[in-house]
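The exercises below are meant to be worked with the sequence and the model open side by side. Each task is followed by a solution that goes step by step.

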Amino acid sequence: MATLLEQAEVGPELTSADLGRNPWALAGRRLRRNRIALAALALFLLIVVLSLAAPLYAKYVAHVNPFPPNLNGHTVVNGNVVPVMQQGGGTLHLGETPIGPTWDLGHYFLGADNVGRDVGALLLYGGRSSLLVGIGSAVLCCLAATVVALIAGFFGGTVDAVLSRIMDVIWAFPVYLLAISISTELLTHSSGFQFGPLHVSASSLWLPAVIIAFIFVPYVYRPVRGQVLAVVNKEFVEASIAQGAGNIRLIFSEILPNVVSTVIVLLPLMVATTILTESALSFLSVGVQPPNVSWGTIIQDGTSLLYTRPWVSIAPGIMILLTVLSLNVLGDGVRDALDPRAKLRVEG
Amino acid sequence: MKLPAARSARLQPRAWRRPRFRHRSGLSAGAAALGALTLILAACSSGSPSSSSSSSASAAAGHKGGTFTILANSAFGVADPAQNYTLQQWQLLIDTHDGLVGFAKVGGVAGSKIVPDLATSIPTPTNGGKTYLFHIRKGIKFSNGQTLKPSDFVRTFERQFTVPGPTSFYSGLIGADKCSTKGCDLSKGVVADDSAYTLTLNLTAPDPELMDQLSLPFAFAVPANTSPKLTGNNVPPGTGPYMWKSYNPNTQAVLVRNPYFHVWNATAQPDGYPNEIIEKFGLQVSDEVRAVQNGQANEVFDGDQIPSDQLSQLNSPKYASQVHVNTLTADWYFALNTRRPPFNNLQARQAINYASNRAALVKIAGGSSLAVPTCQILPPNYPSYTPYCPYTAGPGHNTWTGPDLAKAKQLVQQSGTAGMKVVVNGTNDQVGKALVEQMISDLDAIGYKATPQLLSTSVQYPFVQNSANSGKWNVGWSAWYQDYPAQSDFLNVLLGCGTIHPNSDASPNIAAFCDKSIQSKIDQAETMAATDPAGAATLWTQIDHADTDAAPWVDMYNPKQIDFLSSNVHGYLWNPQWYILIDRLWLS
Amino acid sequence: MLTFIIRRLLWTVLVLFVITVVVFIIFFKTPGVDPARAIAGRNPSAQVLQEIREQFGLDKPLPVQYGLMMKSIFIDRDLVSYSNQGVKVVPEIAAATPATLSLVFGAALIWVVMAIAVGVAAALLRGTVFDPLLMVLALIGVSAPVFWVGEVANLITQGTLHDTFLFSWVPPLGYTPLTQNPLLWFKGLVIPWITLSILYIGLYGRVLRANILETQNEDFVRTARAKGISERQVLLRHTLRTSMITFVSLFGLDFGALVAGGALLTEVVFGIHGVGYLTYQALANLDLPTIMATVVYGAFFIVLVNAIVDIGYAWLDPRIRPT
């Protein structure tokens, strides 16, 4: 059972010699000793590497271009040349069913989707989009939320009140309306947008990334603002002020470094959340747009084949599950490492 | 020749059948309470199911009974027959209401014939084709007990204008041009004589399609005291064998027998077999099919698209007697935006027609048993249709056999449009997305740079029609099903100069195609229809071929329709106008 | 305290107002949207469109239209849907609410009970292999997209294993009102309940376990132990209650969000015609009145629950003074 020593502030593996060392190095050591978190990190990196290798797989292993439809195509199964789309049998010959998983890495490993594309290759490309959008939007979100939280927490008073209310509005706002409306608006500008020197095409991955980042800013804002408030009231900040430090210096030198760890703890968890959200939006056709694919769009494509070719929907879901799981476990590990008094500890 | 003003008025905003929403499984579908199973087994005398149009009384009596349950993915919008323009409600309205005339409620080709219904006979027009005198049958009652009088038709026609909705079917009536949602006075155009029991329609100009237009549910009789305003989801009483008991678009519609109905013309309006007809809304199509497979319901609404994986299940021999496939007089096509490059160039349009892989597109539709590739405008089994397809590989000119990529690339080079960006617009459901992706692939193969633009179904159709958006797309998906079997319904409505309405969400000539010489042939054919029908028919064929040569579209295929019924349903009839005749089905 | 409450509620009203205004503006800026065309039926003439505009006040300036719409939602309650003018929106939402409530209440019951069980078990079994095992299981529940879990559930219960004794009792997808057929209501909701609760069992189990472990450090717990009370008693009688504070406040927020229509994906996948499903249909059809009404309904719940939770915190801990 829990002993006094285990409840102590310093973790059991640390000695008095560790006091005074760089806290980041200490955190790194704690993280390295957390085997489960390391395993999760390895899994996540594996998924990232596989997704980045998508073009290599498509070109050298599967020998397909997985993006255009391949309805009249053929492939080899057990040495026989078979059509990718097979017409129904019986007397009526209704329907065209794509082939199922062949479990042959070189030929339609996971089968074909409803327009004859290689699901295995699409899965890897989908990973690229899902990860890019997920990581991009999480980073954007944390950046934006930190900036707003810093301003709100530091200046307090009316500024804080106004910013917090704006966050309330965003949080209560119907997510799907925002996404659908923005997507419809953007889609009909087929030549893309000009933001000064920047040109963004309508199917750019930045669009869902920005939408998702925007939605979750209030979620990150709350804990970061809480941390800023806690730090702002500490004595060392008062000391700095007494020394004549200006606002900018205070924010960047005194407050931000003490808030960063909160943000770092949140980051993997936010990536997990944004990946899940992107898959939901893509499932509803308002996330990642063609010609890009993401795990969510592949799941959606597979729903019409759910009962005959379930792998088209199951495979991307498993990928999402593994990615988000590894990020959650990693996030726990990071939190444990940075804050030894952390309550949620994954023993390892 | 110059056309009288009224004629061109008829070519003006005219109602047309909107492409039916394809109901897909997946996110656009929902599910509602399937609820209690309501099949009531009725005693049914032995005897072969009546497949002829008029069944003998004894056979009819024997088959009566039961509740017929239809499952539909979504409801059909507001139920007022003066506004509703969906096949889904029309299939029910033909059972609850009647018009002066109607399409024969029989199966097969005979079902395209128009027969008298509430009128005793189809009159020959007088006064140069502008006056029609109908004798109205006596002794017919509405479902609320009121007796049908000729003056009921006055309100019926007025409502076409006072209720917002398609108006131009009846804009040839005298006085119609002054009618609006604020008020309508058709006292000169629709003259009712309740003592002589006659109804006279006075037109501003002869209209050979009048009988077709009077056979649409818009013109079905409602009582004279029906509100001129939209009646919302309350359907006014009708004279048919059934009446509307309730309609809740979130759950179901219920039809029960009209106690005042008797058969006066069994070809136009026979009695119905089921005692009750229920249509339930909101299920996923895949669940509808499963329910019918399990015998928990009787019909999957034939406008719902059955997903691929269940289509293959339906091939099983055990469903052989439950699945019916019929050819539709309909086109699924991609309109080419002729307002701007590259498709303002004829060679570019022909190029994509040569390159389009219609076999792949047919596979997306569910295979060759569900769609037939086509190059031309008119569909098979349609008046004036003769097979014509110039855009095929090989020497033939009649049927599409394969794409001709070499010719296509050559045409692209000649047109000088190679390398241009092309935006392909379509709907974001499964099939819509797949069709767009295939089109993009075909465009890329001949040297264009194509990108998709997918919109939700309710947004896409008005979007591609509105000229304000024409700078945003180059190729736009659409579909068209006949309103009634008239050549103008395709060739003039979709490709006529008069149906281009700038800055309007209702401009069915999506391609904005206007060729003056073809248009003059169209005008000539319309005038010839009354005097020389055979000559007009030949002219329409020439127009169809000329339009195909001008390539304003990439016409993809003519779809077929699947009717999937439960095993205890008998008496299936396919009517080319209304498709499945619901009240002619009987349950064992 | 009272002024704080009043101020918080006033902020609630302001937030609601801002949300409805933004929704209104977004709608009218979305291309392809013309309410007159939706009302006028299919393919009307330009003249009819103009008449509709005048009749429905669609040619008036936007602020006036906004005011009229708010009036018809709150005061007259006769706001009519653009997709189907026979349907009044407010009663439509009222009719859809029982489905959402059935789904959310059932799922909430399951997840609260299971989360407490999981959290307590993990805390009790700390030090054994079951603790991390339970936590990883909980994490799996949190990591799977809910619509995918629902689709897989459908695949299993309606497809592959439907004919076996395991799942033959599962009715076709859809919602049966409780008053119509209680047994069918129940059977039709079991799988959706489980699907929706998986996510939250994971979340709340972890939160509860963390709070229990934290509370076990407190002095009063050490005192109880020193008095010789068994560990189980300590846990159940002394620790659990204090640990539930975070649990309860999080529960309030999540429950509020779900009732507000946050179960949209679950409702769509299982075909339950609740408020979330209505929202989704309205968005797909760009039916502004229904969108507006569901947004008002949803935002109201979320903002209200947030305010209640904040007020509760302020009451519990006067040091916390959220602005």
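**Exercise 1. Describe the order of secondary structure along chain C, and then its burial and contacts.**

Solution. Read along the sequence, chain C runs α-α-α-α-α-α-α-α-α-α-α-α-α, in keeping with a count of 13 helices and zero strands, where helices (H or I, at least four residues) and strands (E, at least two) are DSSP runs numbered from the N terminus. The model is a predicted one, in which local features need pLDDT of at least 70 and side-chain atom pairs count only at pLDDT 80 or more, while totals for chains, interfaces and linings use all residues. Residues are numbered from 1 along each chain as its sequence is written, and chains are lettered from A and ligands numbered from 1 in the order in which they are written.

The next step is extent: along the principal axes, the C-alpha atoms of chain C fill a box of roughly 85 × 60 × 35 Å. Of its 323 residues, 46% count as buried; a residue is buried if 20 or more other C-beta atoms, placed from the backbone, lie within 10 Å of its own, exposed if 12 or fewer, and partly exposed in between. Finally, of the contacts in chain C with a separation of 6 or more, 68% are between residues 24 or more positions apart, a contact being a pair of residues whose C-beta atoms lie within 7 Å.

**Exercise 2. Set out the corresponding values for chains A and B.**

Solution. Chain A has 12 helices and six strands, and 50% of its 348 residues count as buried. Chain B has 15 helices and 21 strands, with buried residues making up 61% of its 588 residues. For contacts between residues at least 6 apart in sequence, those joining residues at least 24 apart amount to 67% in chain A and to 72% in chain B.

**Exercise 3. Which residues of helix H3 of chain C are buried, and how are they arranged about the helix axis?**

Solution. Helix H3 of chain C spans residues 46–55, and its buried residues are Val48(C), Leu49(C) and Ile52(C). Viewed down the axis of H3(C), these buried residues fall within an arc of 100°, so they line one face of the helix; the arc is that of the directions from the helix axis to the C-beta atoms. Helix H2 (35–39) of chain C is included in what covers them. Just after H3(C), Gly57(C) adopts a positive phi of about 70°.

**Exercise 4. Characterise the sides of chains C and A that touch chain B.**

Solution. Begin with chain C, of which 40 residues are in contact with 47 residues of chain B. At least two residues of this side of chain C come from each of H2, H3, helix H5 (89–124), helix H11 (264–270) and helix H12 (275–285), and H3(C) gives the most, with six residues. By class, the side has 17 nonpolar, 18 polar and five charged residues, where Ala, Val, Leu, Ile, Met, Phe, Trp, Tyr, Cys and Pro count as nonpolar, Asp, Glu, Lys and Arg as charged, and the others, Gly among them, as polar.

Turning to chain A, 34 of its residues are in contact with 41 residues of chain B. The elements of chain A that give two or more residues to this side are strand S3 (85–87), strand S4 (96–98), helix H7 (175–187) and helix H11 (295–303). The residues on this side of chain A divide into 13 nonpolar, 19 polar and two charged.

**Exercise 5. How do helices H4 and H5 of chain A pack, and which residues meet?**

Solution. The axes of helix H4 (residues 54–61) and helix H5 (residues 119–155) of chain A come within 8 Å and cross at roughly 160°; axes are lines fitted to C-alpha atoms, for helices over the stretch in contact, and angles run from 0 to 180 degrees between N-to-C directions. This crossing angle makes H4(A) roughly antiparallel to H5(A), since angles over 145 degrees count as roughly antiparallel, under 35 as roughly parallel, 65 to 115 as roughly perpendicular and the rest as oblique. On the H4(A) side Ala54(A), Tyr57(A) and Ala58(A) meet Ala121(A), Leu124(A), Tyr125(A) and Arg128(A) in H5(A). The residues of this contact divide into six nonpolar, no polar and one charged.

**Exercise 6. Is Gly498(B) buried or exposed?**

Solution. Gly498(B) lies in the loop between helix H13 (488–491) and helix H14 (516–531) of chain B. Gly498(B) is buried, because 21 other C-beta atoms lie within 10 Å.

Note on methods. Contact = placed C-beta atoms within 7 Å.
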